[in-house]
Amino acid sequence: MKKIKVAFFSIPTKEKNYLNKRFDKNKYELYFFKDNLNSGNSILKEIDVLSVFIYDKVDKEIIDKAKKLKLIATRSTGFNHIDIEYAKKKNISVCNVPYYGENTVAEHTFALILALSRNLHKAYIRSQQSIFTLDGLRGFDLRGKTIGVIGAGSIGVHVMKIAKGFGMKVLAYDIRKNHILEELLDFKYVDLDVLLSSSDIITLHCPYNEQTHHMINMNNIHKVKKGALFINTARSGLIEPAALYYAIDKGIFGGAGLDVFEGEELLKEENQMLTKNVPIQNVEALLKRNLLLRRENVIITPHMAFDSHEAIERILDTTYENITSFFENKNYYKVV
Ligand code: NAI
């Protein structure tokens, strides 16, 4: 029997070992690459399944090269790094991992909120320098504050539940409303403008697509309640970069916790910037990010909200189930 060829890109050794143990080698031939997906990899023309992560851009060029491709299995919830329409046109299925880490990302969201509300990042640096005064470290309570959750889906709902535990008021903006949930969790759906003007903390949890591109922008940034904390663990394209820098600069945002930001993929390649032919807009993005990094009220984490031991295992298990179910004609998490 001909084996099914599966190539995994951007896969660290630990995860490779885990997957290696799960797949039946009589049926599957596995190829693992630590590096990002690139169109020059000769394995592309042989594989039946391509498994990628968020930094692997699966575009027309890649899809055209992978002539035998039947399935793209992204090891993430978001799939905006894949040209879905083109895959559909070429009769290639795409699957994702929708539920691996709603609690995981929500917990990281609160890690960012609490770090900012209690100045943990500043205190850490100071204590490293043996400075133990309280000057400039006074924080604020979450209890009684209003959190505005944009995108009340799996992650957003977990954020709400945690917020309730802190005694916060919860507002939500979503294009789909679930009024039973609204009553059950005691939050209120409002429109985006009301959320922006009423929330002490604004947190993004909706997908990035044409509709949500720059949903916070230079036109509505003035509606934000002055001094609100801004948290983004979803996707950088949800906020117009100019609006983000402006809001931080003018104190419209009192602080920002960013697990995603424009040009984040360059973080991993920064030491190669001088030798690579990097587009000028990427360099600009990086420079702006460096300016953000130097702000005391901005905490940047390297797109790590998903990265807990438990969540990674769930991702790998679901990816395994997706791939094997696809070939056994069973149900899997199909995007197209
Ligand atoms: P989900 O699909 O369960 O929830 C998304 C919610 O956003 C839904 O309720 C949907 O109705 C709403 N929505 C869609 N379009 C909207 C619009 N135009 N305006 C307002 N709301 C809209 O997705 P989930 O699992 O909660 O994930 C949310 C996002 O978080 C993902 O799309 C992904 O980009 C990001 N994410 C980030 C991770 C990280 O490590 N930083 C890890 C996992 C997900």
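Strands, like helices, are taken here as DSSP runs numbered from the N terminus, a strand having at least two residues. With that convention in hand, Asn-232 can be placed in strand 10. The model described here is a predicted one, and this strand makes a convenient starting point for a walk through it.

Strand 10 belongs to an open sheet of seven strands, which are arranged in the order 8-7-6-9-10-11-12 with parallel pairing. Strand 8 (188-189) and strand 12 (298-300) form the edges, each of them pairing on one side only. In general, the strands of a sheet are held in register through backbone hydrogen bonds, in either a parallel or an antiparallel sense. On one side of strand 10 (residues 228-232) runs strand 9 (residues 201-204), parallel to it and joined to it by four bridges. Within this pairing, Thr-203 has Ile-231 as its bridge partner, and Leu-204 is partnered by Asn-232. Strand 11 (residues 253-258) also pairs with strand 10 in the parallel sense, here over five bridges. Ile-231 takes part in this pairing too, standing opposite Gly-257 of strand 11.

How well covered is strand 10? Five of its five residues are buried. The cover extends to both faces: Ala-228, Phe-230 and Asn-232 are buried on one side, and Leu-229 and Ile-231 on the other. Asn-232 counts as buried because its relative accessibility is 1%, against a cut-off of under 20%. A polar atom of the Asn-232 side chain lies 3.1 Å from the backbone oxygen of Arg-235.

Arg-235 leads on to the ligand, since an N or O atom of its side chain is 3.3 Å from a ligand oxygen atom. Two further polar contacts involve nitrogen atoms of the ligand. A backbone N or O atom of Thr-233 lies 2.8 Å from a ligand nitrogen, while an N or O atom in the side chain of Asp-259 is 3.0 Å from a nitrogen atom of the ligand. The protein buries 88% of the 870 Å² that the ligand exposes when taken alone.

In total, 25 residues surround the ligand, with Ser-154, Ile-155, Asp-174, Thr-233 and Asp-259 the closest. By residue class, this shell comprises 13 nonpolar, eight polar and four charged members. Residues of the shell come from both domain 1 (4-100 + 310-327) and domain 2 (102-305), so the ligand lies between the two domains.

Elsewhere in the model, helix 9 (residues 241-249) has Pro-241, Ala-243, Leu-244, Tyr-245, Ala-247 and Ile-248 as its buried residues. Just after this helix, Gly-251 adopts a positive phi of about 75°.

Positive phi values also occur in residues other than glycine. One of these is Ser-130, with phi near 60°, located in the loop between helix 5 (120-128) and strand 6 (146-150). Ser-130 counts as exposed because its relative accessibility is 56%, the cut-off for exposure being over 50%. Asp-186 likewise has a positive phi near 60°. This residue is found in the loop between helix 7 (179-185) and strand 8. With a relative accessibility of 52%, Asp-186 therefore counts as exposed.

Technical notes: Residues numbered from 1 in each chain as written. Predicted model: local features only at pLDDT ≥ 70, side-chain atom pairs only at ≥ 80, totals over all residues. Heavy atoms only, no water. Near = heavy atom within 4 Å. Polar contact = N/O pair within 3.5 Å; in protein donor to acceptor, adjacent residues only side chain to side chain. Areas by Shrake-Rupley, 256 points an atom, 1.4 Å probe, with all protein chains shown as cover. Nonpolar A, V, L, I, M, F, W, Y, C, P; charged D, E, K, R; others polar. Domains from an automatic or database assignment. Buried < 20%, exposed > 50% of the residue type's maximum accessible area, 1.4 Å probe, protein only. Pairing = 2+ DSSP bridges.
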